[in-house]
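Got the viewer open? Let's take a short tour, one selection at a time.

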Amino acid sequence: MKRFMTKALCLLCAGALALTAAGCSKSGASSSAASSEAVSVYGSASDYDYQNFAYSDGLDENGYWSGIKALDYVTLPEDYAAIPLKKADIEPTEEDIQSQIDSVLSQNTTTRQVTDRAAADGDTVNIDYAGTVDGVAFTGGTYSGYSLTLGSGSFIDGFEDQIVGHKPGETFDVNVTFPDGYSDSTDADGNAVVLSNKKAVFSVTLNYISEEILPELTDAWVEEHFGTSDDVHTVEGLRAEFQQMLYQNNLNTAVMDYLLANSTFKDELPKEITDYQVNQCLNYYYTMANHYGYDLDSFLQTAAGYDSADALLENMSDSITQYAREALLYQAVAEAMDIAPTQEQIDTYSTYTETYGANYCTMVALMDAVSDALTTGAQVA
């Protein structure tokens, strides 16, 4: 399979976030996963210049943390170059391989528009809707061509249930009540429209029902999708490819887990590295907030369930520490074994340099080189 930046530290906060249409989705209701009063061991978001974060900040041309000797902060286990592992813990199961196959097939589904039957729970439908409260249309209450899976609970209670049983081409009213605490909206003139606890009427047109068609796994299908890109031509070959990929992923994970569990870290990690992780995390959400026209705190409240950026930091503090330790471990092993990435490993990430910077991409290549050395030396029995 094609290689991606799977080891990149930018994945710390890279959970997929999406905003659904505010008019009838549940996202307008107030909720929080963490209190804004919580204080992270890493302080407050206001202490950081996350708005100007760049991925190559604090890294030198060798992919090392500038001015930091990792072995001053990490004591590696004596067997780090020949880590003992159990083969049974690494070998992927048939279920694991089949799960990968199913995932690939799912990613290549096609859809067809069904118009000759009524919508049922579990169907994905395409709808137009226009909502009013007390006869007044409100911002976010109108949408054309929205894809909604019935029974998903994406929209406020009662909305999806009232689509069930209708056929494509029908226009009908959906009557619902916005939940307590739902955010206010505005009318066409900018006047406030209170939605909390208000009854609303949505005129809904059911355009069509989408049915997914799963491709049949055949040698011909594998040849079409993987023959050129991955030199895989048969179903048997695809299974073997996934078996090897999963084995390697499991081996990489087991090696790092062993090092994290058996290395000793100083209590105080380099501030440059922990600050980097904090800034990266905050910058990720800050960028998302800007994309959707929010400030950071408002975006976190609406899309992620946190009261504030400080609450996010408090919740992420353990992960930030873990990623900082992992970053130190890679460099510590590189220092101890005198490892540098090959030009080929560096070139693997050449297309990312404009986005992440050359030093960051060299660091990821260094992580690959370290992983290769550790997995090659691992004693699997």
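Helices here are DSSP runs of H or I with at least four residues, strands are E runs of at least two, and both are numbered from the N terminus. On that count the chain has 9 helices and 11 strands. You're looking at a predicted model, where local features need pLDDT of at least 70 and side-chain atom pairs count only at pLDDT 80 or more, while totals for chains, interfaces and linings use all residues. Residues are numbered from 1 along each chain as its sequence is written, and side-chain values use heavy atoms, with hydrogens and water left out.

Start with the whole chain: 42% of its 381 residues are buried (under 20% relative accessible area, 1.4 Å probe, protein chains only).

Next, select 271-292 and 296-304. These are helices H4 and H5, packed at about 85° with their axes 9 Å apart (axes are lines fitted to C-alpha atoms over the stretch in contact, and angles run from 0 to 180 degrees between N-to-C directions). So H4 is roughly perpendicular to H5, a label covering 65 to 115 degrees. Show side chains: H4 brings Leu282, Tyr285, Tyr286, Met288, Ala289 and Tyr292, and H5 brings Leu296, Phe299 and Leu300. Contact means heavy atoms within 4.5 Å.

Now for the largest nonpolar core, a set of buried Ala, Val, Leu, Ile, Met, Phe, Trp, Tyr and Cys residues joined through side-chain atoms within 4.5 Å. Among its 47 residues, pick Trp65, Leu85, Leu329, Tyr360 and Val370, which touch the most other members. Helix H9 (358-377) is one of the elements giving two or more residues, and H9 gives the most, with 10.

Last stop: center on Leu329, whose contacts beyond four places in sequence include Met256, Leu259 and Phe265.

Methods:
Parallel < 35°, antiparallel > 145°, perpendicular 65-115°, else oblique. Buried < 20%, exposed > 50% of the residue type's maximum accessible area, 1.4 Å probe, protein only.
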